Each structure stands twice: as C-alpha cells, then as structure tokens.
Number of protein chains: 2
Amino acid sequence: VVLALYHAEPVANSMKALLCLHEKGLAFESRYVDLLKFEQHDPAFVAINPNGQVPVLVHDGAVVTESTVINEYLDEAFPETPLKPADPLGRARMRIWNKHVDEQFCPALSMWGWHRMVRQVATGIERDTFLKLLERIPLKEQRDKWATIAGDSFSAEQLAESRRKLEVSISKMEAILADAAWLAGPSYSLADVNTYPMAAGAVRMFPEMGENAPAFQDWLARMNERPAVKAALATPNRALGAHVEAYGSRADLVEGLRRA
Amino acid sequence: VVLALYHAEPVANSMKALLCLHEKGLAFESRYVDLLKFEQHDPAFVAINPNGQVPVLVHDGAVVTESTVINEYLDEAFPETPLKPADPLGRARMRIWNKHVDEQFCPALSMWGWHRMVRQVATGIERDTFLKLLERIPLKEQRDKWATIAGDSFSAEQLAESRRKLEVSISKMEAILADAAWLAGPSYSLADVNTYPMAAGAVRMFPEMGENAPAFQDWLARMNERPAVKAALATPNRALGAHVEAYGSRADLVEGLRRA
C-alpha cells in the first residue's frame, strides 16, 4: 500500500484529510479507528502516533500526523492538482486562515461536539472502568478532556465562549468571501478544504448560524456540490447512532466499550 | 522600503521573525511597537493588523501576520538561503514541530511571562485608566488575558500546568535532538528558528530546566553561537527595566502608561 489513512468518521480533522485525498484524486487504503471504542488509545495505535490522535497518514512507511500538516504534505508530495495558491502571499493568506481554523474554529466546535455527543456515550460507562480507560490516554491534555466526562462537564461560560468563537469564525468567513470566491483568494485551496468540516459542523449543530451571512451560505452550497466533498462524506459514518444500532441497545454499547 | 517588520523586544514571537530575517540576510526596516505603552492596540496599528498583535511583516505594501506564517513567507518569497528541508517529509516534520511551538510551548511560556513581568507593570496603573485601555484591545481573547491583571491573575493550577508544558517541550526536544542535529532533521530550519526564543526564554525563567537534557543543552549552545542569533538579540531591548530607567521611576512609568 502506497498511501493509507487512519481516520474516524468524516467530520472534524478526519474529514480534512479525507477531503484532501479525494480532491487530489489519490487512491488510499482507509483504516478506520473507532473513537467510541477508544481505539485511538490502543497501544498498537499509540505506537503509530504517540499522541493517540487521528488522522494519521502513512506514505511508503513514513508516518505524518496533524491534519493541517498532512494536507500540506499531500499537496507537496503529489503536486498534480495543486491545492495551494501559486504565489507566496496567497500561501501566507491560506496559512493564516488555517491557523485560525486549528486554534479557534476547530477547538470551539470540538467542545460542543463533546458536550452534545461523546458525553452521552461515555457517561454510560461505570466510573471505575472509565478511569481505567483514561489511564491509557497518552496526552495529558486529552486525558483532562476525557476526565471532564467523569467529573463536571464544560462550564456554561466555556460553552458560551466556544459558541461565540464559532460565530466569530463565520463572521470572518463572511468578510473574506464577500470579496473573494474562496478563503485564500481567487483559487480553491487547502483553506477551503480545512474549513469545510468545521463550517458544516457548526451549522449542523446551530442551524441558525450563518443565516445572515449570504457569502458564507453561497460558499457552503458550492462546497456541498463538489464531487470530492460528496465522496468524502460517503465514508461510512459509524458514530453514536450507528454504534447503538450495531450493539442493539445502549446497554450492549456500554458493554462493548467496556470490552474495548 | 521593501521590507519592514513591526516588532517588540527580541523575545517570543517578535524574536522568531527577527531571527528569520537575520538568518536569511535580508535588510529590513525595524518598526518598534512598545507593548508596555499598549501601542499594539493603538488604532493606527490595529489598522495594519486588526488582531492588534506583533510581529507584522510589510513587504512591498503587502501585510503578513502570524510569526510562523511570516517565516514561511520570507522563506518562499526569498528562496536564497533556504530554511525549509528540501523534501516534503522533512517539511512535514518541521511543520508538526512548529505547531507544537505555537500551540503548547509558546502559550506556556507566555503565561509565565505575563505572570512575572507584564503584571508588575500593569498593576501600577489605576483601575479606571486600565479598564479604559482594555476597551481598545480588538481580540476578546487578548482582552480577557489583560483583564486577568485587573482582577485575579492566573491560578496556581494554570501556572503549574504551563510549567509542566515547558518541561514536556524540553523533553520532546531532547528526544528529537538525541537522534538529529536539528529539530527537523539533519539541516537547520525554521523549526530551530521558531523554537529558539521559547527555549531560551524557558531556561532564563527556570534555569534548572534542561539541566538533565544534554542534547538540548548542546543545541542551545550551538544556537547561541550563530551570528544571526547574536544579531537578532542585539535588537534594542526596551522592556520593563529599560522602561523604568527611561521614565526615571516607577511612578513616572505609570504616568507614561496612562498618557499612552
């Protein structure tokens, strides 16, 4: 296998890498990592990525982590169908925006994702079992995030601040897209690829967001029509609902998580 | 002027850009922004960078923000004396490390910098004057950070967590540098440029850090000997001490800040 991607559902950071691979028309082996079975903290996976996070790209045996870095790597290693602006200034604009996505947009969405979905699953696990699962998590930051589930969740203040950040991100997109077709200027780029999962996730979670942002809406509609977006979204989504279905009941799901 | 850099003292993110310019041997106009006079929140500066942060590069009239992006931009716009590995995998390694510096190492150092120095200055300002200065800060995240000075500072737990992150960063450096001459592999790169201000700042603040990390110590010694490092460090440092000296007394300094 030349290219393989370890990934979860086609949302958030996994979707960034899946979308980039599809946009560039690269054949790859999909290696599904089940986050709800904590497979990302399995010693076999931690041996591949010591941070215990998806996505991870393997190219001819070399491991690349961090979705934003993976996408720049794919663009440089496979220069056909370039997804970076040709000029240094356009690339700088793309990277400034990508930093915003990584440092503001994605963490804000992630907090709400945890609050709404992951928490529902994990609170079904017995506390002792859960604390044992926590011990396997390599990154302290990640352990702390999971530990919020065992104890208090995020505060109302933290959630409000994350919601504000989502709104700021959409306002910033509206301002950029009022003047340009794509987020880094006249050409489609990794800025658009990296933003799509967060923008789609924000409006899925808060349908009223972006209602007064016509350039944002137009961009989202153009993105939704892209064949690569459709192909990436067709990646099997086995999250919460699918899990409960597979296990037959919530009790079985909890039992499955315990065994994992 | 072809190239101009708005920057503060040769520490943290300003030092990253200053060091890159010196390593590449590029002539530039230095435009000093006095953070202790809150010049970064001045409407004239916010018109250049709406986030009200240094450093900012201006190249032929085009504005580039974010020190990590500025350095990649300089390397691409001025390809002589390249500071990126030639191969895509080396560049990916460089970017993964740069993300660690931006998201973990620098914020951890910054919290301690605030706690130890900036706070000393700002607490001398009357509360009402200070709250008025706060209103000019464009980014909410930055307003909140400055507001910690008006109210409670960082908690002991937050400071301990940041100290732990500094130690993790130095351990990670030790592991990389035990196997390679530089942080992105066999060649000097922007990973080293971007890390130097944080590593030097960490050992200045906590001299015991890195005592048991010989590869880290060796790297730091090699960095300190580089002519570009010496040249960048020779940028006038007008921080706290210099300010107090210039104003003659702490009371005059506070008066100066009030007028700013």
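Below are three exercises with worked solutions on a predicted model.

**Exercise 1.** State how many residues each chain gives to the contact of chain B and chain A, and how much area is buried between them.

Solution.
- Step 1: Chain A supplies 28 residues to the contact, and chain B supplies 28 residues.
- Step 2: About 2300 Å² is buried between chain B and chain A, with 59% of this area coming from carbon and sulfur atoms.
- Step 3: On the side of chain B, the residues that lose the most area to chain A are B:Glu76, B:Arg95 and B:Lys99, together 21% of what that side buries.

**Exercise 2.** Describe the polar side of this interface and the elements of chain B behind it.

Solution.
- Step 1: The rule finds 12 salt bridges across the interface of chain B and chain A.
- Step 2: One of the side-chain pairs in a salt bridge is B:Glu72 with A:Arg95, at 3.4 Å from N to O; the cut-off is 4 Å.
- Step 3: Residue pairs in polar contact between chain B and chain A number 12, both residues being at pLDDT 80 or more.
- Step 4: Elements of chain B that each supply at least two residues to the side touching chain A include strand S4 (62–65) and helix H3 (67–77).
- Step 5: H4(B) gives the largest share of that side, 10 residues.
- Step 6: By class, the side of chain B that touches chain A holds 15 charged, nine nonpolar and four polar residues.

**Exercise 3.** Work out the strand order of the sheet in chain B and name its edge strands.

Solution.
- Step 1: The order in this open, mixed sheet of four strands is S2-S1-S3-S4 (chain B).
- Step 2: Strand S2 (29–32) and S4 of chain B each pair on one side only, so they are the edge strands.
- Step 3: Strand S3 (residues 56–59) of chain B runs antiparallel to S4(B), joined to it by four bridges.
- Step 4: Opposite B:Leu57 stands B:Val64 in S4(B).

Technical notes
Residues are numbered from 1 along each chain as its sequence is written. Chains are lettered from A and ligands numbered from 1 in the order in which they are written. This is a predicted model: local features need pLDDT of at least 70, side-chain atom pairs count only at pLDDT 80 or more; totals for chains, interfaces and linings use all residues. Side-chain values use heavy atoms; hydrogens and water are left out. Contact means heavy atoms within 4.5 Å. Buried area is the accessible area (1.4 Å probe) that two parts lose on being put together, summed over both. A polar contact is a pair of N or O atoms within 3.5 Å; within protein, one must be able to donate a hydrogen and the other to accept it, and residues adjacent in sequence count only if both atoms are side-chain atoms. Ala, Val, Leu, Ile, Met, Phe, Trp, Tyr, Cys and Pro count as nonpolar, Asp, Glu, Lys and Arg as charged, and the others, Gly among them, as polar. Two strands pair if DSSP finds at least two bridges between them.
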